[in-house]
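I opened a new page for this model and looked up chain layout, helix packing and a few backbone angles. The entries follow in the order in which I checked them.

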Amino acid sequence: MATDLHLTPDELELWAQGLLSAGRTMHLADCAECRVAAERERKLFLELAQLPRFAPEAGFVDRVLAKVRIPTPSGDYRV
Amino acid sequence: MFSLIYRMVRDRALAEDLAQETFVKVLNGIRSYRPEFKFSSWIFKIANNAAIDHLRRKELDTLSLDGSPLAATPDESEATALQVGARQESPLDEVEARELGGAIERAIGRLRPEYRACILLRHVEGYSYEEIARTLDLPLGTVKTYIHRARNELRHYLEDRRE
């Protein structure tokens, strides 16, 4: 692909992940507009990557299992 | 999965209830699981549906001209009656954002639920676009559009905050 074409949103995402081809990455050296867009993309990706994971309160598994129907040998379910 | 639900509904106690409901559905409906579907995607699909269903019910209550049908008093009716205009950040949003960790969480909370689910699956759970499309039963092009729009909105919210 020609290096004078602006990066597409997909390409900006690839760049932010370090996955854009060298050929297309060269475009950034010559295009201030795409450099700004790429930096904004990378900044957002960094913020999103730092989002923590949350866990439910202790006893969650017990509360779930208390509501699950457990099959019995007779084919019925026990709650 | 709990993180997804929590960020979708932005209320820890409610997220616990919906996560519980999700796992009960998963375990009780394990026989309907199709192995060609990734197991975690199946769980996320049920979790996301539970969260979206809740948000839709909440939206219906909020958008009623006369207030929520569940309102027991005139004050409750007034509080849930049609709200016109752009969505403004409420004091409750502020509290939720603090609990959830700051500006990026607040910005995510302002996204449409469909965008929010896509961006969380992509950036928190690390799903590919194809996996998100399968999990949410959406065309691949729609997922890409949602994620690109969501990122644009997030950037705008975050830049507004910095200015």
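Entry 1, elements. I took helices as DSSP runs of H or I with at least four residues, and strands as runs of E with at least two, numbered from the N terminus. On that basis I read the elements of chain B, from the N terminus on, as α-α-α-α-α-α-α-α-α. The count for chain B is 9 helices and 0 strands.

Entry 2, confidence. The model is predicted, and I looked at pLDDT before going further. Chain A has an average pLDDT of 85, and 85% of its residues score at least 70. Within chain A, I found the lowest element mean, 60, in strand β2 (residues 77–78) of chain A. The highest, 92, belongs to helix α3 (residues 32–49) of chain A. I noted as a caution that predicted coordinates should not be read in detail where pLDDT is low.

Entry 3, chain B overall. I looked up burial and found that 29% of the 163 residues in chain B are buried. For contacts in chain B with a separation of 6 or more, I noted that 50% join residues 24 or more positions apart.

Entry 4, the two chains. How many residues of chain B are in contact with chain A? I found 18 residues of chain B in contact with 19 residues of chain A. On the side of chain B that touches chain A, α1 (2–9), α2 (12–28) and α9 (140–162) of chain B each supply at least two residues. The most comes from α2(B), with 7 residues. By class, I have this side of chain B as 9 nonpolar, 6 polar and 3 charged residues.

Entry 5, α1(B) itself. I checked burial along this helix and found 7 of the 8 residues of α1(B) buried, so α1(B) is largely enclosed by the rest of the structure. The buried residues I listed in α1(B) are B:F2, B:L4, B:I5, B:Y6, B:R7, B:M8 and B:V9.

Entry 6, α1(B) against α7(B). I looked up the packing of this pair and found an angle of about 150 degrees, with the axes 10 Å apart. Angles over 145 degrees count as roughly antiparallel. I therefore entered α1(B) and α7(B) as roughly antiparallel to each other. The contact uses B:L4, B:R7 and B:M8 of α1(B) and B:P113, B:R116, B:A117 and B:L120 of α7(B). I sorted the residues of this contact by class as 5 nonpolar, no polar and 2 charged. The crossing of α1(B) past α7(B) is right-handed.

Entry 7, α7(B) against α8(B). I then took helix α7 (residues 113–123) of chain B with helix α8 (residues 129–136) of chain B, which pack at an angle of about 135 degrees with their axes 10 Å apart. That angle makes α7(B) oblique to α8(B). I recorded a right-handed crossing for α7(B) past α8(B). On the α7(B) side I listed B:A117, B:C118, B:L121 and B:R122, and on the α8(B) side B:I132, B:T135 and B:L136. The classes for the contact of α7(B) with α8(B) are 5 nonpolar, 1 polar and 1 charged.

Entry 8, phi angles. I kept in mind that most residues other than glycine have a negative phi. I found B:R10, which is not a glycine, with a positive phi of about 60 degrees. B:R10 follows α1(B) and lies in the loop between α1 and α2 of chain B. Is B:R10 buried or exposed? I have B:R10 as buried, because 22 C-beta neighbours lie inside 10 Å.

B:D137 also has a positive phi, near 55 degrees, and is a residue other than glycine. I placed B:D137 in the loop between α8 and α9 of chain B. With 9 C-beta neighbours inside 10 Å, B:D137 counts as exposed.

Entry 9, one distance. I looked up B:R106, which sits in helix α6 (residues 103–109) of chain B. B:R106 is buried, with 20 other C-beta atoms within 10 Å; the cut-off for buried is 20 or more. What separates the C-alpha atoms of B:R106 and B:D137? I have 27 Å between these C-alpha atoms, for residues 31 apart along the chain.

Methods:
Residues numbered from 1 in each chain as written. Chains lettered and ligands numbered in written order. Predicted model: local features only at pLDDT ≥ 70, side-chain atom pairs only at ≥ 80, totals over all residues. pLDDT = per-residue confidence, 0-100. Contact = placed C-beta atoms within 7 Å. Nonpolar A, V, L, I, M, F, W, Y, C, P; charged D, E, K, R; others polar. Axes fitted to C-alpha atoms, helices over the stretch in contact; angles between N-to-C directions. Parallel < 35°, antiparallel > 145°, perpendicular 65-115°, else oblique. Left-handed = near helix turned anticlockwise from the far one by under 90°. Buried ≥ 20, exposed ≤ 12 C-beta atoms within 10 Å, placed from the backbone.
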